[in-house]
Amino acid sequence: LSKDSEISEVEARKPQIRDTVISILNSKRPEDVLKKDGKLYLKEEIKSAINAFLIDGKIIDVFYVGFQVN
């Protein structure tokens, strides 16, 4: 998050954030995300989608803590 972001806004929008991330992931095919460029594009897509509805702050970067493709 950016320094001027309010964590309370992110907490309040947690269900919306989760739904957005799940929707984006469900729209992808394995070949879309298996390449490095695909993973980078996915990060940017997630960041842009979340920033579209945050009012007071913004997401600066997205980090993967796990990545599994079935």
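## Buried residues, charge pairs and ring contacts

Reader: Is glutamate 9 buried or exposed, and what is its relative accessible area?

Author: Glutamate 9 falls in the buried class, where buried means under 20% relative accessible area, exposed over 50%, and partly exposed in between (1.4 Å probe, protein chains only). The model is predicted, so local features need pLDDT of at least 70 and side-chain atom pairs count only at pLDDT 80 or more, while totals for chains, interfaces and linings use all residues. Residues are numbered from 1 along each chain as its sequence is written, and side-chain values use heavy atoms, with hydrogens and water left out. For glutamate 9 the relative accessible area is 11%.

Reader: With which residue do the side-chain atoms of glutamate 9 form a salt bridge?

Author: A salt bridge requires a side-chain nitrogen of Lys or Arg within 4 Å of a carboxyl oxygen of Asp or Glu. For glutamate 9 the N to O distance is 3.8 Å. The partner is partly exposed, at 22% relative accessible area. That partner is arginine 13.

Reader: How many salt bridges does the whole structure contain?

Author: Side chains of opposite charge can pair when their charged atoms come close. One such pair is glutamate 31 with arginine 29, at 3.6 Å from N to O, and glutamate 31 is partly exposed at 46% relative accessibility. A search of the whole structure gives a total of six.

Reader: Which residue forms a salt bridge with glutamate 44?

Author: Glutamate 44 is partly exposed, with a relative accessible area of 40%. Its partner lies three residues apart from it, about one turn of helix 4, which holds both. The N to O distance is 3.4 Å, and the residue is lysine 47.

Reader: Which residues are joined into one network by salt bridges that share partners?

Author: The pair of glutamate 44 and lysine 47 sits within helix 4. The network formed through shared salt-bridge partners consists of Arg29, Glu31 and Asp32.

Reader: Which backbone oxygen does the side chain of lysine 47 reach?

Author: Lysine 47 belongs to helix 4 (residues 36-51), helices being DSSP runs of H or I with at least four residues, numbered from the N terminus. At 17% relative accessibility, lysine 47 counts as buried. It touches Ile59, Ile60, Asp61 and Val62, residues up to four places away in sequence not being counted, where contact means heavy atoms within 4.5 Å. The side chain comes to 3.3 Å from the backbone oxygen of isoleucine 60.

Reader: Which helix gives the most residues to the largest nonpolar core?

Author: A nonpolar core is a set of buried Ala, Val, Leu, Ile, Met, Phe, Trp, Tyr and Cys residues joined through side-chain atoms within 4.5 Å. The largest has 11 residues, among them Val10, Ile17, Phe53 and Val62. Two or more residues come from helix 2 (14-26) and from helix 4. The greatest contribution, three residues, is that of helix 4.

Reader: How are the rings of tyrosine 64 and phenylalanine 67 arranged?

Author: Rings of Phe, Tyr and Trp (its six-membered ring) pair if their centres lie within 6.5 Å; planes under 30 degrees apart count as stacked, over 60 as edge-to-face and the rest as tilted. By this rule there is one aromatic pair. The centres of tyrosine 64 and phenylalanine 67 are 5.0 Å apart and their planes meet at 75°, so the arrangement is edge-to-face.

Reader: Which residue has its charged end over the ring of phenylalanine 67?

Author: A charge sits over a ring if NZ of Lys or CZ of Arg is within 6 Å of the ring centre and within 35 degrees of the ring normal. Phenylalanine 67 is partly exposed, at 36% relative accessibility. The charged end over its ring, 5.0 Å from the centre, belongs to lysine 39.

How values were computed: A polar contact is a pair of N or O atoms within 3.5 Å; within protein, one must be able to donate a hydrogen and the other to accept it, and residues adjacent in sequence count only if both atoms are side-chain atoms.
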